[in-house]
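Please open the model in your viewer and keep the sequence panel beside it. The stops below go from a single residue outward, and each begins with something to select.

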Amino acid sequence: MNKVRIEKGTTLCRTRPCMIITTLHENGIVNAGTFGSYTNAGPQEIAIAIGSSSHTYTNIKRTGEFVINIPHIGIAQALEICGGNVPITESELDKANLTTEPADEIKTPIISECVANVECKYWKELKVGYHILVLGKMICGHLDKRYVDEDGSIDVVKARVPFSIRYPSPIYAVLANAD
Ligand SMILES: Cc1cc2nc3c(=O)[nH]c(=O)nc-3n(C[C@H](O)[C@H](O)[C@H](O)COP(=O)(O)O)c2cc1C
């Protein structure tokens with residue numbers, strides 16, 4: 001893994017690019033879902049609005065853990081695949097041609113091709129209409145060495161991470177410096 005380990009802070013998620021959450025199904029297959037409605041809620045805390053009928057929510061409740069994976073625009077197609085309905089006997093990651101590697105502190109694997117990964121434990125939740133606002137606590141994170149900016153955060157311009165500026169029928173955008 002050509003990534004530096006980040007112990008502190010949800011700085012990887014502060015800027016809110018689209019993310020792919022990996023969780024484990026009961027059968028051991030890795031589930032991957034796309035999420036864009038979230039915010040960092042503290043230095044180690046993150047709040048994500050997750051549909052109550054999603055595999056992601058079911059798996060988080062059963063296992064108590066999940067991984068946030070931040071893609072780059074080159075693999076943005078994976079956001080569409082992981083945003084679709086895939087049965088629990090298959091992994092979205094196979095369809096998206098993505099691979100995994102073990103996490104440091106939890107059983108759920110991280111996506112190798114993503115520029116950043118945050119290992120999280122379930123903390124608590126709040127029902128908000130159809131969605132459940134799931135609060136997680138970051139255990140540790142990994143950030144591609146090429147995209148660490150001067151204050152240790154992810155350089156979202158250099159990493160070309162996709163943001164979803166419309167949903168449904170998402171349009172994905174990357175940021176650029178003004179100069
Ligand atoms: C760009 C994008 C953003 C999305 N954001 C969210 C979100 O914030 N919350 C949510 O519940 N679903 C969101 N979805 C829809 C889920 O990805 C979709 O329901 C998916 O099937 C969930 O996967 P799962 O059942 O494997 O957990 C988003 C989809 C896309 C393509």
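Is Asn 59 buried or exposed? Select Asn 59 in this predicted model and display its surroundings: 23 other C-beta atoms lie within 10 Å, and because a count of 20 or more is what qualifies a residue as buried, Asn 59 is buried.

Keep Asn 59 selected and add the residues that it touches, leaving out those up to four places away in sequence; these are Thr 23, Leu 24, His 25 and Asn 31. For a contrasting distance, draw a line from the C-alpha of Asn 59 to that of Tyr 147, which is 88 residues away in sequence and 30 Å away in space.

Next, extend the selection to the helix in which Asn 59 is found, α1. Colour His 55, Thr 56, Tyr 57, Asn 59 and Ile 60, since these residues of α1 are buried. An α-helix has 3.6 residues a turn, so residues three or four places apart point the same way. If you then show what covers the buried residues of α1, you will find among the covering elements β2 (19-24), β3, β5, β6 (65-70), β9 (116-128) and β10 (131-144). Just after α1 comes Gly 64, where a check of the backbone torsions gives a positive phi, near 75°.

Now move to the ligand and select the shell of 22 residues that surround it, of which Gly 33, Ser 37, Ser 54, Thr 56 and Gly 83 are the closest. Two or more residues of this shell come from each of β3 (30-35), β5 (45-51), α1 (55-63) and α2 (77-82), and β3, with four residues, gives the most. Colouring the shell by residue class should show seven nonpolar residues, 14 polar ones and one charged.

For the following stop, select strands β11 (residues 163-166) and β12 (residues 171-173), which run antiparallel and are joined by three bridges. One pairing to display is that of Ser 164 with its bridge partner in β12, Tyr 172. The two strands form a hairpin with four residues between them, and Ser 169, in the turn, has a positive phi of about 50°.

Finally, zoom out to the whole chain, which has four helices and 12 strands. Its C-alpha atoms fill a box of roughly 45 × 35 × 35 Å along the principal axes, and its radius of gyration is 15 Å, in agreement with the value near 16 Å for a compact globule of 179 residues. Of those 179 residues, 41% are buried, and among contacts with a separation of 6 or more, 63% involve residues 24 or more positions apart.

Key. Residues numbered from 1 in each chain as written. Predicted model: local features only at pLDDT ≥ 70, side-chain atom pairs only at ≥ 80, totals over all residues. Pairing = 2+ DSSP bridges. Near = placed C-beta within 6 Å. Nonpolar A, V, L, I, M, F, W, Y, C, P; charged D, E, K, R; others polar. Rg over C-alpha atoms; globule rule 2.2 N^0.38 Å. Buried ≥ 20, exposed ≤ 12 C-beta atoms within 10 Å, placed from the backbone. Contact = placed C-beta atoms within 7 Å.
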